[in-house]
Amino acid sequence: MSRALPMLDALPVAAHPRLAALPTDERVAEFLTDDQVLPRFHVWTLGCQMNQSDSEEMAGALLAAGCTEAPVIDQADLIVINSCAIREAAEHKIIGRMGALGRMKAANPALRVVLTGCSVRADGLVDLHRRYPEVDLFLRPDQEPELTQRLGLASATAAASSADGLPAQDTLQRVGIGVAATADRLPGTRAAAVESGRVARASRSHAWLPIIYGCDKTCTYCIVPFSRGPERSRPFDDVIAEAHALAASGALDVTLLGQNVNSYGHDLPAEPRFGDVHAKRHLGRDLSLDGRPDMAALLHAIDAIRDGNDRPAIPRLRFVTSHPWDLSDRLIDAMASCDSVCEHLHLPVQAGDDTVLRRMGRQYTIEAYLDLVARLRAAVPDIALTTDVIVGFCGETEAQFQATLELLRTVRYDGVFAAAFSPRPGTPASRLPDDVPADVKRRRLNELLALQEGIGLERNQAWVGRRVEVLVDQVRRPRSHDHEAGEGSSTRVAGRSRVNKLVHLDGGPELVGRFVEVDIDHAGPYALSGRLAGVH
Ligand code: SAM
Ligand code: SF4
Ligand code: F3S
């Protein structure tokens with residue numbers, strides 16, 4: 001038997017009060033009585049690691065409520081779309097699926113569609129109805145913990161929803177830059193989800209660990225501060241408790257997550273136990289971190305979680321993303337001195353010209369950025385550096401673009417994520433003329449990618465002949481010539497080295513989740529390959 005989920009509101013928050021706590025809501029009370037009708041759900045995740053992590057939490061809440069997961073979207077009667085709004089193309093991926101979703105709903109009247117993630121903003125709900133007509137319920141990122149409650153599935157998770165001790169009506173507050181209405185309950189709900197094992201992690205060996213939500217920076221092109229609100233750090237002890245839980249569950253490669261992990265702690269209260277933290281920003285707005293936990297304190301504390309042999313219980317620790325503003329000497333020292341912290345840093349630069357950087361609101365100069373790179377390379381030999389670049393930002397001249405290419409030649413990144421500027425409605429840059437023509441943006445992007453392909457290849461060739469430790473995380477399809485070889489053809493697996501290089505090797509599924517030693521014998525621009533030399 002299948003019965004429809006309750007049809008819920010999707011009205012602007014200001015015009016429609018938050019739903020009362022269950023079970024007093026009549027619209028869903030009858031739905032709760034029969035647990036045979038729980039929907040099969042599918043979470044479709046777009047965007048960055050933050051969204052992947054949030055999706056794990058939502059999937060965990062749905063599983064805890066008794067729902068089952070549909071392996072493919074067509075088999076679901078509850079579709080949760082976790083959206084990304086970073087560029088127009090990301091939003092069009094979802095808008096382009098509205099027709100198909102409409103047909104699925106016609107065939108399955110029980111089907112409900114939830115849209116959450118960065119496309120859902122407090123100030124845009126009327127427009128959302130027009131753009132996403134098949135969506136039944138919109139949830140801002142900060143409302144995601146309410147998912148099961150809003151769907152009438154909250155009985156199993158109601159305790160978690162109030163675990164931060166705040167009554168529901170008190171949690172909505174207007175903060176930050178005015179357009180982001182942020183119910184600041186994420187740290188509390190995350191802690192409760194971790195404590196009760198309600199995070200449906202996609203992997204046993206790799207894990208996301210969110211440490212700070214939102215973004216306080218001033219990048220004029222970026223939608224994230226509007227979608228995710230201002231920076232809110234999770235309490236230090238909650239993060240450490242989650243790290244302990246991950247270590248106990250066998251996680252081997254943990255990534256601390258946030259839009260700006262480096263500013264972790266600036267909004268937490270000072271405490272005597274962090275009396276040795278004396279940190280100040282080098283770049284951007286003045287910010288004193290004295291006496292507050294910072295990223296360095298966090299890395300040291302997680303590194304100090306040890307196994308029986310006094311080795312880090314989490315052997316690989318990473319963090320993403322770092323804004324150059326907050327990359328303190330303390331953090332560089334922690335990277336150099338903590339055994340578990342991997343020798344890789346993603347340090348977005350965005351452009352290679354100071355005028356463009358100023359217009360972008362990045363608040364550092366190329367000279368200051370290069371100084372950081374030099375300090376990192378001096379402290380952490382072999383460190384791999386990756387970055388983000390936007391080409392064709394408002395007013396970018398050919399000479400300014402060439403300065404970005406020059407920067408790539410100077411720094412010699414291991415990888416570059418580049419995209420053409422996409423104006424985002426409501427951001428400061430959307431009021432500047434988007435005056436670099438589309439074909440010029442495309443040409444600049446291709447030129448940059450071609451340059452980086454050569455640099456990436458050279459950086460990777462330096463690994464040929466070396467033995468590296470790889471944590472295998474995937475089975476690859478056999479290479480095409482292996483098909484012809486028929487029986488006995490080798491299966492391939494792949495994984496990441498400490499510096500985050502993708503490494504391919506011969507091997508079977510039994511290697512997934514294991515550390516192996518690999519002798520590198522081949523390098524391409526985006527990956528390495530080699531021979532298995534040992535299994536830990
Ligand atoms: N917080 C990170 C930082 O600034 O260091 C970046 C996070 S953002 C989710 C990922 C990347 O998207 C940015 O570094 C930027 O290169 C790109 N991006 C953001 N807004 C964009 C836009 N309007 N058009 C093109 N790319 C954009
Ligand atoms: Fe966006 Fe800038 Fe914040 Fe990164 S630091 S999320 S680019 S506003
Ligand atoms: Fe996209 Fe939001 Fe991440 S806009 S890149 S999903 S923070």
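Guide: A polar contact is a pair of N or O atoms within 3.5 Å of each other. The model above is predicted, and ligand 1 is a convenient place to apply that cut-off.

Visitor: What makes the approach of Asp388 to ligand 1 a polar contact?

Guide: A polar side-chain atom of Asp388 lies 2.6 Å from an oxygen atom of ligand 1. The limit is 3.5 Å, so the pair qualifies. The side chain of Gln350 has an N or O atom 2.7 Å from an oxygen atom of the ligand, and the side chain of Arg87 has one 3.0 Å from a nitrogen atom of the ligand. Both pairs are therefore polar contacts too. The protein buries 90% of the 570 Å² that ligand 1 exposes when taken alone.

Visitor: Which residues surrounding ligand 1 are the closest?

Guide: The shell has 15 residues, and Gln259, Gln350, Arg362, Asp388 and Ser422 are the closest. By class the shell holds six nonpolar, five polar and four charged residues.

Visitor: Why is ligand 1 said to lie between domain 2 and domain 3?

Guide: Domain 2 (203-342) and domain 3 (345-461) each contribute residues to its shell, so the ligand is placed between the two.

Visitor: How do you know where ligand 3 lies with respect to domain 1 and domain 2?

Guide: The same kind of reasoning applies. Domain 1 (1-199) and domain 2 (203-342) both supply residues to the shell around ligand 3, so ligand 3 sits between them. Among those residues are Cys48, Cys84, Cys118, Val224, Arg228 and Gln259.

Visitor: What makes a residue around ligand 3 charged rather than polar or nonpolar?

Guide: Asp, Glu, Lys and Arg count as charged, so Arg228 is the one charged residue in this shell. Asn51 and Gln259 are its two polar residues, and the other six are nonpolar. The shell around ligand 2 has six nonpolar, three polar and two charged residues. Lys217 and Arg362 belong to that shell and are the charged pair, because Lys and Arg are in the charged class. Gln259 is also in the shell around ligand 2.

Visitor: How do you know that strands E4 and E5 pair?

Guide: Pairing needs at least two bridges, and E4 (residues 112-117) and E5 have two, so they pair. Their sense is parallel, and Leu115 has Phe138 in E5 as its bridge partner. Both strands belong to an open sheet of five, ordered E2-E1-E3-E4-E5.

Visitor: Why are E2 and E5 said to stand at the edges?

Guide: Strand E2 (68-69) and strand E5 (137-138) each have a single partner strand, so one side of each has no neighbour in the sheet.

Visitor: What order do the strands of the closed barrel take?

Guide: The five strands run E16-E17-E18-E20-E19, with mixed pairing. On average, neighbouring strands are turned by 50° against each other, direction ignored. E18 (residues 502-506) and E20 (residues 528-535) run parallel and are joined by three bridges, so they pass the minimum of two. Leu505 stands opposite Gly530 in E20.

Visitor: What makes the backbone at Thr321 and at Asp310 worth pointing out?

Guide: Most residues other than glycine have a negative phi, and most peptide bonds are trans. The bond joining Val320 and Thr321 is cis, with omega about 5°. Thr321 is in the loop between strand E12 (316-320) and helix H12 (329-337). Asp310 is not a glycine, yet its phi is positive, about 60°. Asp310 is in the loop between helix H11 (295-303) and E12.

Conventions:
Residues numbered from 1 in each chain as written. Chains lettered and ligands numbered in written order. Predicted model: local features only at pLDDT ≥ 70, side-chain atom pairs only at ≥ 80, totals over all residues. Heavy atoms only, no water. Near = heavy atom within 4 Å. Polar contact = N/O pair within 3.5 Å; in protein donor to acceptor, adjacent residues only side chain to side chain. Areas by Shrake-Rupley, 256 points an atom, 1.4 Å probe, with all protein chains shown as cover. Domains from an automatic or database assignment. Helix = DSSP H or I, 4+ residues; strand = E, 2+ residues; numbered from the N terminus. Axes fitted to C-alpha atoms, helices over the stretch in contact; angles between N-to-C directions.
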